[in-house]
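Please consider the sequence and the three-dimensional structure shown below. The paragraphs after it lead from the overall architecture to individual residues.

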Amino acid sequence: MQSTIAAFDPSVSVAFEELTENFLANAGSLISGISVKALSWLSSYITAVPFFVAAVLISVVATFFIASDYDNIKAFIGRQIPEKWHLLLIDIKEYSLKTVSKYFKSYALIMTITFCELSIALWLLGVNNFAVIALIIAVFDIIPVCGSGGVLIPWSVFSLVQGRFAFGIGMLIVYAIITVIRQIIEPKIVGDQVGLPPVVTLMAMFLGVRFMGVFGLFAFPIALVILKNLNDRGRIRLFK
């Protein structure tokens with residue numbers, strides 16, 4: 001290219017040569033920097049592998065020894081804790097297990113209701129294998145990050161783009177109905193299962209999402225139930 005340009009205009013050839021040299025210099029620096037970073041990352045990764053393997057081995061061995069001597073370790077820790085706190089920890093463990101179990105039952109019931117709604121709606125809309133699809137969407141709906149909208153809204157938009165207006169609008173209506181019903185029944189079902197008023201359950205869920213995201217949606221109501229049960233049994237005093 002430089003020889004061809006020089007045949008027409010030598011001054012342009014000189015400028016082109018300088019441009020080429022600058023480009024090659026910059027490209028060389030860029031490739032060198034990427035290579036140094038890649039080698040640094042690779043060396044740090046290779047160095048970390050033995051520590052990871054050692055940590056896994058130590059964890060496996062420690063788990064074996066703890067499991068084999070679990071009763072003695074448990075008894076030793078129990079002797080170090082005052083009796084009042086010991087009873088409190090036992091109650092917390094008991095209420096935690098019961099509350100988590102009730103939580104699973106609550107959301108299993110909500111998922112069943114959503115599945116029935118979707119099955120009827122998809123059947124009316126003429127969808128093949130409506131029961132299987134309804135089950136998949138119901139599972140998505142129980143996941144706070146996803147929700148039924150993660151499936152129904154794209155499905156509706158795609159149908160509208162294809163020109164299937166009746167089906168697309170129908171899917172949007174189904175999504176709206178499912179969302180409204182879930183917002184109504186979720187605090188009621190969860191509250192009844194765990195022993196909290198629906199308004200308090202709704203507030204706990206809202207505050208949990210506000211401060212801790214998806215984890216808080218479950219953690220706040222569970223923590224509130226545990227505190228309420230401990231307060232009712234006189235283990236702690238938070239309210240009358």
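What follows is an account of the fold, the interior, the buried charges and the surface.

The model is a predicted one. Its chain contains 8 helices and 0 strands, so that, read from the N terminus, the order of elements is α-α-α-α-α-α-α-α. The chain comprises 240 residues, of which 24% count as buried. Among the contacts with a separation of 6 or more, 51% are made by residues 24 or more positions apart. The accessible surface of the chain amounts to about 16,500 Å², and carbon and sulfur atoms supply 74% of that area.

One of the helices, α4, may serve as a starting point. Helix α4 has 42 residues, and the distance from its first C-alpha to its last is 62 Å, close to the 62 Å expected at 1.5 Å a residue. After α4 comes G126, with a positive phi near 80 degrees. N129 is located in the loop that runs between α4 (83–124) and α5 (130–142). The phi of N129 is also positive, near 50 degrees, and N129 is a residue other than glycine. Is N129 buried or exposed? With a relative accessibility of 58%, N129 counts as exposed, because the cut-off for that class is over 50%.

The interior can be approached through its nonpolar cores. Which residues have the most contacts inside the largest nonpolar core? They are Y103, Y107, I110, V190, I226 and L230, in a core of 15 residues. At least two residues of this core come from each of α4, α7 (165–194) and α8 (198–232). A second core, separate from that one, consists of 12 residues, including A121, L152, M171 and I178. To return to I226 of the largest core, its contacts beyond neighbours within four places in sequence are with I92, Y95, S96 and T99.

The interior also contains charged side chains. The structure holds 2 salt bridges. In one of them, the side chains of D141 and R182 meet at 3.0 Å, N to O. Because D141 belongs to helix α5 and R182 to helix α7, this pair ties together parts that are 41 residues apart in sequence. Both partners, D141 and R182, are buried. For D141, the relative accessible area is 7%, and D141 is therefore classed as buried, the cut-off being under 20%. Apart from neighbours within four places in sequence, D141 is in contact with T114, G147, S148 and R182.

R182 takes part in another salt bridge, in which its side chain meets that of E186 at 3.3 Å, N to O. E186 and R182 are both in helix α7, 4 residues apart, or about one turn of the helix. What relative accessibility does E186 have? The value is 6%, and E186 therefore counts as buried. R182, at 11% relative accessibility, counts as buried as well. Through the partners that these salt bridges share, D141, R182 and E186 are joined into one network.

The surface offers a further set of features. Which residues form a nonpolar patch there? The patch consists of F52, V53, V56, L57 and V60, which together have about 480 Å² of accessible area. V53 has its place in helix α2 (residues 10–68). The relative accessibility of V53 is 41%, and V53 therefore counts as partly exposed.

A last position for inspection is A166, which lies in helix α7. A166 has a relative accessible area of 66% and is therefore exposed. Between the C-alpha atoms of A166 and S156, which are 10 residues apart along the chain, the separation is 9.8 Å. Helix α7 thus recurs in several parts of this account: α7 supplies at least two residues to the largest core, it contains both E186 and R182, and it includes the exposed A166.

Note on methods. Residues are numbered from 1 along each chain as its sequence is written. This is a predicted model: local features need pLDDT of at least 70, side-chain atom pairs count only at pLDDT 80 or more; totals for chains, interfaces and linings use all residues. Side-chain values use heavy atoms; hydrogens and water are left out. Buried means under 20% relative accessible area, exposed over 50%, partly exposed in between (1.4 Å probe, protein chains only). A nonpolar core is a set of buried Ala, Val, Leu, Ile, Met, Phe, Trp, Tyr and Cys residues joined through side-chain atoms within 4.5 Å. Contact means heavy atoms within 4.5 Å. Patches are made of residues with over 30% relative accessible area and no salt bridge: like charges are joined within 9 Å, nonpolar side chains (Val, Leu, Ile, Met, Phe, Trp, Tyr) within 5 Å. Accessible areas come from the Shrake-Rupley method with a 1.4 Å probe; for residues, only the protein chains shown count as cover. A salt bridge is a side-chain nitrogen of Lys or Arg within 4 Å of a carboxyl oxygen of Asp or Glu. The expected span of a helix is 1.5 Å times one less than its number of residues.
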